Structures are given as C-alpha cells and as structure tokens.
Amino acid sequence: METLLHLLCSTLPTRLLAYAPFLRSLRFGKWAVALCVTLSQGAELLLAWAAIQSGHPELVRLIEFLFGPIAVAMLYLNVRVSFPKLLFFSLFVVDYMMIVVGLSSFLSIRVLHAASRTWESSALCLALYLCTWVPVCRFFHSCVARVEHTKAPALWRIIWLVPALTTIIVLIFTGSLDDTLSGKWTFLFTRVGLLACVLVIYWVIVQALDNLQKQAELEKRLAVETHLLDVQIAEQKKHGQLLVENAELIRRQRHDLRHQLTVIQELADSDVKKLREYLSTLIDSIPALPEVFCENEAVNAVVSHYGTLCRQQGAEFTAQLHVPSICGNVPDSDLCVVFANLLENAAEACGRMSEGRRFVSLRAGLRGGVLTIVMDNSYGGSVREESGQFRSSKRSDFGVGLASVQAVAAKFGGSARFEYDGSVFSSSVYLNT
C-alpha cells in the first residue's frame, strides 16, 4: 500500500497541473477530462497492485514510465493545441514531478531515515506539491499564454528536443530512486539541480519565442506600412500627372470653347433648331464627376483606387460607406490599412478566378462609437489557413494583409473575423472609435 500511495501522490498532482492552463481549450469539457484522468490513474494503480501481488514490485517503476506517454496522448486528445507544443509543456510537467519526487526521496532518507517509497516520503511529496503547486501553476500558465500566440510550426517541431534531452539524461542516471542513490548529495544535484536548470531553460526559450513573435508582428506592420506608402506614392504620381493633363485639358477646352461660342452665336442668329441640337450634343459630352463613396477623403481615395482595380479584374464592385471625415480616435492611416488590405485581397482573389461570377460588396458604417466594416467577395475556392492565420497566395509564408487588419482592430479594442464557404470570402471588422 505504501508503494501505491506514493505512486498516487507523485503523479496525480502533475496530471492535474497539465490540464490547468488549457481549461478554455478542451475538446470535450471538464467532466470528460476528469473521467479520463480517473480511469488512467485507476488503471495505473491497478496494474501496480497486480505487479506487487505477483511478487514483482520492481515492475511498478516500469508501469509508471509506460503511463507517462499514455498521459501525454490523453492530453493531446482532450486539448486543442498542436502536438509539438503539448510535448513541450508535458516535459515541463514531467521535470517538475521529478524535482518534487527526487527532493522528497532525498529528505525522507536524509532527515526522516525512511525509504524512498514509504508513508513518510509520500507525505513529504504532498507537502512539496502544496508549497509549490500555485507558483508553478502560475508560471506554467504564463508560459502557455505566451506560447499559444507564437506562430512558428517549423520551430516547434524541434524546440522540444532541448528540454527532452536533458530530461532523458537525468532519468538515465537518477530514474531508479534506489535508496542507496537517492540519499546522496550527488543525486540531489543531478536530479534537482539539472532539472531546475531545465526550468530556467524553459523560461529563456519562452522569452525568446515571445520576442521573436513581437519582432515578426513588427515586421508585418512595417511591411504593411511600406506597402501603403508605395500605394500613396503611386497615387501622388497619378495626382501629379493628372494636374499636368488637366492643365493641358483646360487649355484645349478654352480654345474649343471659343469656337463653340462662335458657332452658338452664329446659330442663334440663323437657325434655332440646329442651335438646340448643338447644345444637346455639348451637354451629353460633359464628363461625369468622379464617384464619391464617403466623406472621409483618405478612405474614399483608397476605395476608388481598388474599386477601379476590381472592375479591371472583371468584378462587380459595390460600396455603401458611411465613414465621417474624422472617425473618432482612429487616424486615417489605420483606416487606410484596413480598407486597402481587404480590397487588395478581394481584387487578387477575383483576378485568380477562372470561372463563375466575380463580385466585391463593401459596406461600412459608424454607430454607437463602433465602426463596422463588412465585405463579401468571390474567390476561387482555395484558402490556406493554419492556426487562425492565412497563408499568402503569392509566397510560401503567411500573408501580412489580413494579419495587419487584425492588428489594427485589436489596437482599437475591436476584432476582425474572416469566414469562407468555398465561393464567398466574408470579412467583418469592428473598431471602437
């Protein structure tokens, strides 16, 4: 019974700890997790009891090792997190358990003069868990929160090897918990010292990954702003060219106007009917005013630019916008980031279509201090999404367009949501002004 109690006290707290940071990411709910942990723990204790009864207590350690991978597999089945990340976190939990069990065994032998798997060792193990569980849980939760936002699939496939190799080395040299070994200072240094270093390594890795993620977000933001600057420069060049063309057009129109007035004067004196026909022709030749979508000049310029681009791609473009000239605390530059990226992706999606109706429908309005931007556009049915991020259609990396829209929405306490059904891509963006 002492062995079974020690097995229960040494493993159950860490298995509960493994699920603590993922309560909001469970696949089947808390009751399903409780049932899985209970059945797993019960099966492990039952097999250990059978081994003891059959006269082979040495098999208990083997059973404990075998149920470690089983616990990791059950964690993966119950939690919606990628397997490399779960493996990284599971090694953290295993290292924590090995520190507590090793320290309790050492104190039991050195201080209480009892064996490593006795009642005294179990009580010390529980006491150490009670003293350290809360701070360790907070540390673990902080690591999980940081790691969940780090998007680096290729890195996660190998980063878990760093703590894994150290853990394996410690298990090879101190895994038996033999009483002649557990009471030595070399055991304490090897197991507790090296594993404590592993926990420090965990913190350094998490900090480094967090900094890498922030750097990646800054690079995406810089790429978006650079792209927007290129668009603005192109628009300025167009504007300058238009000024030159308009000056030439005004000169020609002044010249033509003299001839037209001369003709009108002659027709007024001679033939009123021809004068009316001539005036009707002049009225029809007057060009229409440029299309105005909203009061905000910056947004209107962006929508006009990409609306023309969408129509050039053969898409039906409609826009119903109610965006004021001053949109609260949201500057025009951020508004342009949202509208430009949404419309650029829509124009590219329509351009890649080989068949079917092409369309872009954009709507925006300000109500109750919230600016709502909704867009539906057709696409060719190919969208590559991984962990909430969309891969670029122009390169193998993740795209910066929609990520930038999400970043602007989060900056102003809003959100951005993207949905697709095989033919229509829907975007919804909310900004608190």
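**Figure 1. Strand 2 meets strand 3.** In strand 3, V374 is the bridge partner of R363. The model shown here is predicted. Strand 2 and strand 3 pair over eight bridges, in the antiparallel sense. The two strands form a hairpin with two residues between them. In this hairpin, G368 takes a positive phi near 60°.

**Figure 2. A salt bridge between R363 and D376.** Now look at the side chains. R363 and D376 meet in a salt bridge, at 3.7 Å from N to O. R363 lies in strand 2 and D376 in strand 3, so the pair ties together parts that are 13 residues apart in sequence. Is R363 buried, partly exposed or exposed? R363 counts as partly exposed, at 32% relative accessibility. D376 also has a partner on another strand: it stands opposite S426 in strand 7.

**Figure 3. Strand 3 meets strand 7.** How many bridges join strand 3 to strand 7? There are nine, and the two strands run antiparallel. One pair to find is M375 with its bridge partner S427, which is in strand 7. Another is D376, which stands opposite S426 in strand 7.

**Figure 4. Strand 6 turns into strand 7.** Strand 6 and strand 7 run antiparallel and are joined by six bridges. A416 has V429 of strand 7 as its bridge partner. The hairpin of strand 6 and strand 7 has three residues between the strands. There, G422 takes a positive phi near 105°.

**Figure 5. A salt bridge between R417 and E419.** In this pair, the closest N and O atoms are 3.6 Å apart. Both partners can be checked for exposure. E419 counts as partly exposed, at 44% relative accessibility. R417 is partly exposed too, with a relative accessible area of 47%.

**Figure 6. A salt bridge between E316 and R357.** The closest N and O atoms of E316 and R357 are 3.2 Å apart. Which parts of the chain does this pair tie together? E316 lies in strand 1, and R357 lies in the loop between helix 12 and strand 2, so the salt bridge ties together parts that are 41 residues apart in sequence. R357 is exposed, with a relative accessible area of 53%. Exposed means over 50%, so R357 passes the cut-off at 53%. E316 has 45% relative accessibility and counts as partly exposed. In total, the count comes to five salt bridges.

**Figure 7. The largest nonpolar core.** This core has 42 residues. L321 and F339 have the most contacts inside it. Helices and strands both contribute. Helix 11 (297-312), helix 12 (332-351) and helix 13 (401-411) are among the elements that each supply at least two residues. So are strand 1 (316-322), strand 2 (359-367), strand 3 (370-378), strand 6 (415-420) and strand 7 (424-432). Which helix gives the largest share of this core? Helix 12 does, with 12 residues. A second core lies apart from this one, with 38 residues. Among its members are L75, V79, L86 and I205.

**Figure 8. A close-up of F339.** Set aside the neighbours of F339 within four places in sequence. What is F339 then in contact with? The list is V299, V302, V303, L321, V323, L362, A364 and I373. L321 appears again here: along with F339, it has the most contacts inside the largest core.

**Figure 9. A nonpolar patch on the surface.** Not every nonpolar side chain here is buried. I158, L161, L165, I168, I169, I172 and F173 make a nonpolar surface patch of about 710 Å². Helix 7 (residues 161-174) gives the most to the patch, with six residues. I168 is found in this helix. I168 is partly exposed, with a relative accessible area of 45%.

**Figure 10. The whole protein.** Step back for the last view. The secondary structure comes to 13 helices and seven strands. The protein has 433 residues, and buried residues make up 38% of them. The protein exposes about 24,100 Å². Carbon and sulfur atoms supply 63% of that area. What share of the contacts with a separation of 6 or more comes from residues 24 or more positions apart? Such residues account for 70% of these contacts.

Terms used:
Residues are numbered from 1 along each chain as its sequence is written. This is a predicted model: local features need pLDDT of at least 70, side-chain atom pairs count only at pLDDT 80 or more; totals for chains, interfaces and linings use all residues. Side-chain values use heavy atoms; hydrogens and water are left out. Patches are made of residues with over 30% relative accessible area and no salt bridge: like charges are joined within 9 Å, nonpolar side chains (Val, Leu, Ile, Met, Phe, Trp, Tyr) within 5 Å. Accessible areas come from the Shrake-Rupley method with a 1.4 Å probe; for residues, only the protein chains shown count as cover. A salt bridge is a side-chain nitrogen of Lys or Arg within 4 Å of a carboxyl oxygen of Asp or Glu. Helices (H or I, at least four residues) and strands (E, at least two) are DSSP runs, numbered from the N terminus. Buried means under 20% relative accessible area, exposed over 50%, partly exposed in between (1.4 Å probe, protein chains only). A nonpolar core is a set of buried Ala, Val, Leu, Ile, Met, Phe, Trp, Tyr and Cys residues joined through side-chain atoms within 4.5 Å. Contact means heavy atoms within 4.5 Å. Two strands pair if DSSP finds at least two bridges between them.
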